[in-house]
Protein chains: 2
Amino acid sequence: MPKSTTAERILDAAQILFAIKGFAGTSLRHITSKAGVNLAAVNYHFGSKEKLMRAVFERTLTPFCDSLEKQLLSHGQSGGEPLTLEELFEIMVSTANNVYGDDSKEFSRFMRLMGLAYAQTQDELRGFLGARYGMVFRRFLVHVKLAAPEMPPKELFWRIHFALGAAVFTLASFGGLQEVLLNDYKMDVGLSDVVTRLVPFMAAGIRGEVEVE
Amino acid sequence: MPKSTTAERILDAAQILFAIKGFAGTSLRHITSKAGVNLAAVNYHFGSKEKLMRAVFERTLTPFCDSLEKQLLSHGQSGGEPLTLEELFEIMVSTANNVYGDDSKEFSRFMRLMGLAYAQTQDELRGFLGARYGMVFRRFLVHVKLAAPEMPPKELFWRIHFALGAAVFTLASFGGLQEVLLNDYKMDVGLSDVVTRLVPFMAAGIRGEVEVE
DNA sequence: CAGTGTTTTAAACGGATGTTTTAAACCTAC
DNA sequence: GTAGGTTTAAAACATCCGTTTAAAACACTG
């Protein structure tokens, strides 16, 4: 017997299904069926499918962004020397780990949602996410700028997106890649293996010598 | 009066709409309406919506992969010293440019489709793409291995995916990022700017020192 | 226990979806 | 020009979609 509320059960089911099948590919009937609640409950508790999707993103992103912002602020006002790139990315990783646990499945789902959010173009979801969480991103960008002060801003802008793209993309498709590695290379790897490889890659890519400007 | 055939017009419209709205978010009626053909033409020429999507991917990916494979083969049997990482990625870039022209829009659409393909998990599309184009990817991987011989295979596997993730992700969302840059930073950048920054980033990330194994 | 506000339920709404059918139009070759 | 195969056309198919309704069940307060 589930102790969770109807709204929570809907959010849980929606988050899983959105991550697998995308937003348009997931119907309210799938969600309510998986959640074991009545179809009308979605519109009763959230108003519409669009608002449900926002709620899913909000529930997923808010704890992560709040925790990340708090850590960035504490390091920012300590007056000490700025954080290195590795430390910055490690903060992101540990924040994600603290918030979502080291549950590989859940973490991958979160990253898949991030990828979906990022991939949105025309939908109003992108605007919503930018307005809601753009501030944290800009604060993170300031820290990266401090960590790589010699880098031209334009170059840095793109390299950060390269690095985040590498992270989101790889972690979002982690499940699939894990399967490939096991079948083709007989290697069984965990999520933490990938993350520990990812941080040096991102740092090295950002720090790489500037060729032209 | 269009000289193109009905099947071609359907493929053109489907490619554009899939890239914008995703697969599930695009209806056959949208496609046929945009293509200016009858609704039943899709099932007549392609059999089903699923097969139409495969045809779109096939038409988009085949020229690129064929051309890429040809270049990799020619460099492989020349017997000279192996290609550098930069040269390898430049080959990918120039191949993409030759096949899709430097039309920024079309290139971005192609990358968006790549991102969609990559993001697929459970759908049979992933299996189809792996079976159809996995060979080219493995051949590319061999060249990367030659370019970074000191790198442990496991580490290399992940770094390649990091690099490809950075590329696909950034280029797929290029349109959106371009807008952000223009609005927030008053910078107007072209696709070629990003690509010339991307190649050094990928090379530097892959070449970075190995920390642990 | 009655009453009231909240939540859940079943059913139906209009519309959109992928697919199929049947007939018309087209084109080519005899 | 007419027969036969190919392509298009309009319409209908059953099913699924997001949303709404109205009544039943529940939870709580007085």
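Contact here means heavy atoms within 4.5 Å. By that criterion, 47 residues of chain B are in contact with 47 residues of chain A. The model is a predicted one, in which local features need pLDDT of at least 70 and side-chain atom pairs count only at pLDDT 80 or more, while totals for chains, interfaces and linings use all residues. Residues are numbered from 1 along each chain as its sequence is written, chains are lettered from A and ligands numbered from 1 in the order in which they are written, and side-chain values use heavy atoms, with hydrogens and water left out.

We turn to the protein–protein interface. Together the two chains bury about 4400 Å², with 72% of it on carbon and sulfur atoms; buried area is the accessible area (1.4 Å probe) that two parts lose on being put together, summed over both. Within the area that chain B buries against chain A, 19% is supplied by W158(B), F169(B) and R197(B), more than by any other three residues. R197(B) also forms a salt bridge with E155(A), where the closest N and O atoms are 2.6 Å apart. Two salt bridges are counted between the chains, the term standing for a side-chain nitrogen of Lys or Arg within 4 Å of a carboxyl oxygen of Asp or Glu.

Several helices of chain B build its side of this interface: α1 (6–21), α6 (104–119), α7 (124–147), α8 (153–172), α9 (174–185) and α10 (191–207) each supply at least two residues. Helices are DSSP runs (H or I, at least four residues), numbered from the N terminus. The largest share, 13 residues, comes from α8(B). By class, the side of chain B that touches chain A has 25 nonpolar, 11 polar and 11 charged residues. In this scheme Ala, Val, Leu, Ile, Met, Phe, Trp, Tyr, Cys and Pro count as nonpolar, Asp, Glu, Lys and Arg as charged, and the others, Gly among them, as polar.

Next comes the DNA. DNA strand C is surrounded by 16 residues, and the closest are T6(A), Y44(A), H45(A), L28(B) and R29(B); a residue is near a strand if one of its heavy atoms lies within 4 Å of it. Sugar and phosphate make up 46% of the atoms of DNA strand C that come within 4 Å of the protein. A polar side-chain atom of R29(B) lies 2.8 Å from a base nitrogen of this strand. Phosphate oxygens of DNA strand C are approached by polar side-chain atoms of S27(B), at 3.1 Å, and of K49(B), at 2.9 Å. The surface near DNA strand C divides into five nonpolar, eight polar and three charged residues.

DNA strand D likewise has its protein surroundings. Of the 16 residues around DNA strand D, S27(A), L28(A), R29(A), T6(B) and H45(B) come nearest. For DNA strand D, 47% of the atoms within 4 Å of the protein belong to sugar or phosphate, and the rest to bases. L28(A) places a polar backbone atom 2.8 Å from a phosphate oxygen of DNA strand D. Side-chain N or O atoms also lie by phosphate oxygens of this strand, at 2.9 Å for Y44(B) and at 2.7 Å for H45(B).

Finally, a residue inside chain A deserves a look. Q15(A) is found in helix α1 (residues 6–21) of chain A. Q15(A) is buried, with a relative accessible area of 9%, where buried means under 20% (1.4 Å probe, protein chains only). Leaving aside neighbours within four places in sequence, Q15(A) is in contact with V56(A), R59(A), T60(A), R109(A) and L113(A).

Technical notes:
Polar contact = N/O pair within 3.5 Å; in protein donor to acceptor, adjacent residues only side chain to side chain. Buried < 20%, exposed > 50% of the residue type's maximum accessible area, 1.4 Å probe, protein only.
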